[in-house]
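User: Please take me through the classifications applied to this model, with the reasoning behind each of them.

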Amino acid sequence: MTTDTLSPTASPSRHLRVGSDGMRFSTAETIKHVVLILGALIVLMPFYVMVSYSLKSPAEIMSTSLAFLGDQTPFLDQFCVKSGRPEADCMRSAIEYNYLTAFTEAPLLRYLLNGVIVTASIFLIQIVVALPCAYALAKLRFWGREFIFAMVLFCLLIPVHAIALPLYIMLAEVGLTNSYAALVIPWTISVFGIFLMRQFFMTVPDDLIDAARMDGMSEFLIVWKVMLPTAVPALLAFGIFSVVAHWNDYFWPRNVITGDRDLFTPPLGLREFRAGVDGNDFGPMMATATVIVTPLIVAFLIAQRRFIEGITLSGMK
Amino acid sequence: MAELKLEHIDKRFDATRVLNGVDLTIAPGEFLTLVGPSGCGKSTLLRILAGLEAPTSGSVLIGGEDVTQVRPSRRNLAMVFQSYALYPHLTVAENMLTPLKLRDLNTIERLPLVGPLLSRAKRAELQEQVRAVSDTLQITQLLDRKPGQLSGGQRQRVALGRAMVRRPVAFLMDEPLSNLDAALRVHMRAELTELHRALGTTFVYVTHDQAEALTMSSRVAVMMDGHLLQVGTPDAVYSDPTSLKVASFIGSPKINVLQGALDEAGYVTLMGQTLDLKAAASGPIQVGIRPEHLHLVGSNDPLMQGSVAYRENLGSDVYDHVPLRDEKHRVTVRAPPAEASGLQLGDTAKIDLDTRAVLLFDRDGERVPATYEVQGAVAA
Amino acid sequence: MSAGSASLGVRTQAHWWFVAPALILMLVILIVPILVAFGLSLTDYALGNRTANFVGLENYEDIFTRSTYERMFKASFLYVVLTVPASVGLGLGAALLINSVSRFGDLYKTIYFLPVMAALLAMAIAWEFALNPSVGVVNIFLEMGCGSWLESWSWYANGCATSFPLWLGDRDYAIWTLSFIGIWQGFGFTMVLYLAGLTGIPRELYQAAEMDGAISGWERFRLVTWPMLGPTTVFVVTISMIRSFQVFDTVEALTRGGPSKSTYVMLYAIYEKAIQQNLMGIGAAITVVFLGFVLILTLIQRYLVERRVHYT
């Protein structure tokens with residue numbers, strides 16, 4: 001009679017049939033892997049398309065070849081010819097053409113820089129606003145504390161994208177659209193950050209704080225020198241969540257940056273690039289997309305656990 | 001009812017050997033306790049018996065039949081877990097019904113809406129069984145509550161009930177009382193023992209508490225480091241241990257161990273005196289004597305002396321801890337409160353022992369049989 | 001834990017400084033806009049106008065009667081109904097599978113989580129290219145199956161004969177395609193949440209189930225896994241619903257609300273009406289309705305979680 005036994009090292013739902021060679025082979029296990037692999041293929045497909053086509057020449061893109069690496073034989077770059085340079089100078093390989101065009105047709109580097117500026121500003125201001133508030137809510141007693149915390153809880157219910165329109169109108173009325181300020185301001189208040197930090201701070205022993213007070217530390221310094229170091233893991237996770245959300249954010253910048261190309265964040269840059277592209281420029285477009293997506297993906301691959309913590313934290317409201 | 005047998009059970013986790021060739025036979029209807037310090041492998045052995053873990057080698061037999069490859073649910077054993085493992089989202093009644101439903105109703109009869117309609121009669125019958133068991137355990141009034149609303153003791157009974165409804169060949173219990181507070185624990189020990197007597201089913205009980213083992217079982221199996229050291233009645237394990245390890249583990253306070261020797265005639269010499277105890281060996285010997293077999297004496301030439309360093313006053317008994325003058329040993333002496341009150345901390349205690357209660361162990365801790373023989377007596 | 005601050009006898013007003021920025025920002029950035037939205041929804045305001053005329057509930061009347069908005073609701077709801085169960089179900093399935101394989105679990109987890117990290121817009125454009133009727137890989141694969149047993153499925157045969165549908169250009173398919181992309185992007189997130197939930201299930205419960213006779217994976221799932229994942233599920237479903245209500249990137253980049261407003265979801269409608277057409281009044285009204293939905297959803301979630309909180 002073949003059996004299934006629950007081995008302690010396996011998780012409860014694992015069933016292994018010990019084969020004659022003692023290896024952990026089982027039809028059930030194989031099927032699971034097949035399903036997971038199929039899923040992985042579907043999941044990876046657009047990444048594959050994006051990177052692969054960023055390596056192919058226009059002619060090859062139009063063909064139905066499924067190869068990953070493009071054929072890199074140099075071809076004649078039509079734009080280059082049209083701009084009057086001699087043909088000899090205009091032979092480019094696919095990669096060259098795609099990535100060069102991506103960086104020159106539109107100020108891609110500028111977009112990336114904007115992405116960095118915006119996400120960094122947002123995160124820093126979020127911390128400056130949230131940390132003291134969280135400390136006050138967690139550790140200080142004052143009139144109105146419960147009311148303010150209730151407000152925080154209420155504001156957790158409001159997704160910022162939902163009130164994008166009135167925010168836009170308010171910004172327009174003060175003439176702040178098309179500015180870094182417009183990109184950053186609505187996100188400076190992260191009630192989720194306040195909530196998270198408060199939970200964290202509540203676990204810090206009061207004695208630690210009292211000791212600092214006895215040493216003469218002002219409340220202000222306490223926040224930054226005593227509370228902040230204890231919250232580093234939570235801050236890290238929150239930071240990741242914040243950076244990812246805002247680097248990838250398309251809706252808000254789309255609404256608020258209406259003219260000035262110099263202010264485009266990466267997704268916005270990609271979009272505009274696409275709008276200006278004629279049907280044959282899939283290559284550079286995919287190259288742009290690859291450049292935009294890569295930083296976060298690479299960071300993710302390096303620090304997977306932290307990323308997943310950060311993103312799941314955003315759920316644990 | 002059937003005999004349970006574990007043959008040459010070996011269990012390895014990666015490089016560590018958790019069980020070493022354990023052989024154990026559990027007679028039908030007995031209350032056998034597996035006792036030993038944490039990490040000795042007793043829970044693992046129990047789970048191998050249950051089928052929740054597979055032995056690296058060896059076999060499990062129930063009623064003579066090899067069930068090593070059989071699924072836990074088909075071995076007709078029931079288990080009570082340390083954390084009770086009650087289904088939190090089901091009521092007490094539903095918790096107790098679950099094993100019955102899984103066993104006696106087929107898949108269609110178990111479907112959420114259609115099932116109850118098709119199997120009304122069967123379900124009524126099962127509910128009757130649940131009610132009978134809940135009456136026995138006096139938890140009938142709790143049937144509609146969820147585990148989260150119960151106290152520790154009540155949950156324990158529900159876990160028992162869930163095991164009982166299955167009318168298994170044996171009950172397996174993995175430290176079921178360790179999550180209860182001390183008073184409740186003592187009370188439940190009595191209840192479990194009475195339950196065992198009432199049901200007559202085999203109980204296989206795992207605990208690290210030697211007092212539980214001694215008070216509840218018909219037989220005790222002492223385990224250490226994956227080895228089965230001794231199996232016997234509580235009395236045997238207490239008074240007739242096969243090794244120093246067993247003697248030290250069983251009994252509280254711990255047995256006193258003194259270094260002695262055997263002279264050429266085979267008599268035990270201790271503290272410079274020779275005892276009326278003879279063994280068929282020679283050389284250094286370890287003398288084990290339990291606190292209750294040491295007495296405070298008033299004689300001028302006691303076997304041992306020392307000043308009382310620490311006193312445990314338990315009310316009914318007093319245990320004096322006395323480092324001896326020879327500066328090598330420290331003994332624990334049990335004294336009835338009346339005697340002990342005469343002695344203060346720091347006073348000199350004079351101690352003698354009950355020769356007949358001495359247990360001898362060789363250098364490796366193995367028991368050496370000894371006979372009481374007055375020295376100089378001529379064999380008649 | 002008590003917050004013992006001024007217990008040293010030194011009273012500070014420090015807390016006001018700490019709380020003020022957050023308070024002001026909460027008011028200005030979160031609460032005032034809601035009021036502004038309410039207010040504007042009752043007018044016919046347009047940016048650049050000096051005044052706004054009060055029009056009462058006219059905007060709301062439009063929303064609940066005109067066919068454009070009927071299609072807006074339909075598109076939003078259809079998207080949510082298509083995306084959420086699939087995201088949650090696939091996330092749960094992936095979590096269960098990954099939890100139960102002995103090797104490569106982490107690798108699969110990483111791969112499935114990648115879409116969550118990648119800018120949706122970029123991936124949407126990649127998807128658009130993959131779904132291109134003539135040179136996209138999806139159709140290339142589908143065409144490879146032509147002439148095989150797959151043709152016994154009439155839809156497939158039809159596709160081989162004439163052409164496969166325009167995934168993004170066909171009124172009947174567009175919302176499904178967008179939903180597919182949304183699912184693709186979202187299920188890694190639900191998967192991770194479920195994986196966290198699974199680790200919280202006590203193992204002894206599974207052992208008890210095994211002893212009780214719950215032999216098959218399905219029975220163990222019904223008896224232990226699914227009930228114990230209850231709170232996680234409520235949570236995952238709510239988060240997914242709110243996220244899918246807020247879909248915008250794929251709509252704006254790939255279909256612009258079309259074809260025939262079949263993908264005219266609420267956030268896109270706000271964008272089109274307000275930003276593009278400068279009809280702030282109606283945009284504000286849609287905003288209010290949208291907020292209402294989000295609020296109701298969240299409150300339902302809170303209520304459900306409260307109710308289920310008496311486990312051991």
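**Reasoning from values to terms**

Analyst: In this predicted model, four residues of domain 1 of chain A are in contact with six residues of domain 2 of chain A. By class, the domain 1 side of that contact has three nonpolar, one polar and no charged residues.

User: How do you know where the two domains of chain A lie, and what separates their centres?

Analyst: The bounds come from an automatic or database domain assignment, which gives domain 1 as residues 27–54 and domain 2 as residues 107–315 of chain A. Taken over C-alpha atoms, the centres of domain 1 and domain 2 of chain A are separated by 32 Å.

User: Why is L57(C) called exposed?

Analyst: The term exposed applies if 12 or fewer other C-beta atoms lie within 10 Å of the residue's own. L57(C) has 12 other C-beta atoms within 10 Å, and therefore counts as exposed. L57(C) lies in the loop between α1 and α2 (58–65) of chain C. Its C-alpha atom is separated by 41 Å from that of F18(C), 39 residues apart along the chain.

User: What makes the span of helix α11 of chain A close to the expected one?

Analyst: Helix α11 (residues 219–230) of chain A has 12 residues, and the expectation at 1.5 Å a residue is 16 Å. From its first C-alpha to its last, α11(A) reaches 16 Å, so the span is close to the one expected.

User: Which residues of α11(A) are buried, and why are they said to be on the same side?

Analyst: The buried residues of α11(A) are E219(A), I222(A), V223(A) and M227(A). They cover an arc of only 100 degrees around the axis, and therefore lie on the same side of α11(A). An α-helix has 3.6 residues a turn, so residues three or four places apart point the same way. On the other side of α11(A), L221(A), K225(A) and P229(A) are exposed.

User: What covers the buried residues of α11(A)?

Analyst: The cover includes α5 (108–139), α9 (191–201) and α10 (206–214) of chain A, together with α1 of chain C.

User: How many residues does each chain bring to the contact between chain C and chain A, and what is the class composition on the chain C side?

Analyst: Chain C contributes 86 residues and chain A contributes 87 residues. Helix α1 (residues 14–40) of chain C supplies the largest share of the chain C side, 16 residues. The side of chain C that touches chain A has 67 nonpolar, 14 polar and five charged residues.

User: What does the contact between chain C and chain B consist of?

Analyst: This contact takes 16 residues from chain C and 21 residues from chain B. On the chain C side, α9 (203–212) and α10 (217–228) each supply at least two residues. Helix α9(C) gives the most, with seven residues. The residues of the side of chain C that touches chain B divide into nine nonpolar, four polar and three charged.

User: How is chain B built, and what share of its residues counts as buried?

Analyst: The secondary structure of chain B comes to 10 helices and 23 strands. Of its 380 residues, 40% count as buried, that is, with 20 or more other C-beta atoms within 10 Å.

User: Where in chain A does pLDDT stay under 50?

Analyst: It does so over residues 1–23 of chain A, for which the model has 34 contacts beyond four places in sequence. Where pLDDT is low, the predicted coordinates should not be read in detail. For chain A the mean pLDDT is 80, and 84% of its residues reach 70 or more.

Methods:
Residues are numbered from 1 along each chain as its sequence is written. Chains are lettered from A and ligands numbered from 1 in the order in which they are written. This is a predicted model: local features need pLDDT of at least 70, side-chain atom pairs count only at pLDDT 80 or more; totals for chains, interfaces and linings use all residues. Two residues are in contact if their C-beta atoms, placed from the backbone, lie within 7 Å. Helices (H or I, at least four residues) and strands (E, at least two) are DSSP runs, numbered from the N terminus. Ala, Val, Leu, Ile, Met, Phe, Trp, Tyr, Cys and Pro count as nonpolar, Asp, Glu, Lys and Arg as charged, and the others, Gly among them, as polar. The arc is that of the directions from the helix axis to the C-beta atoms. pLDDT is the predictor's confidence in each residue, from 0 to 100.
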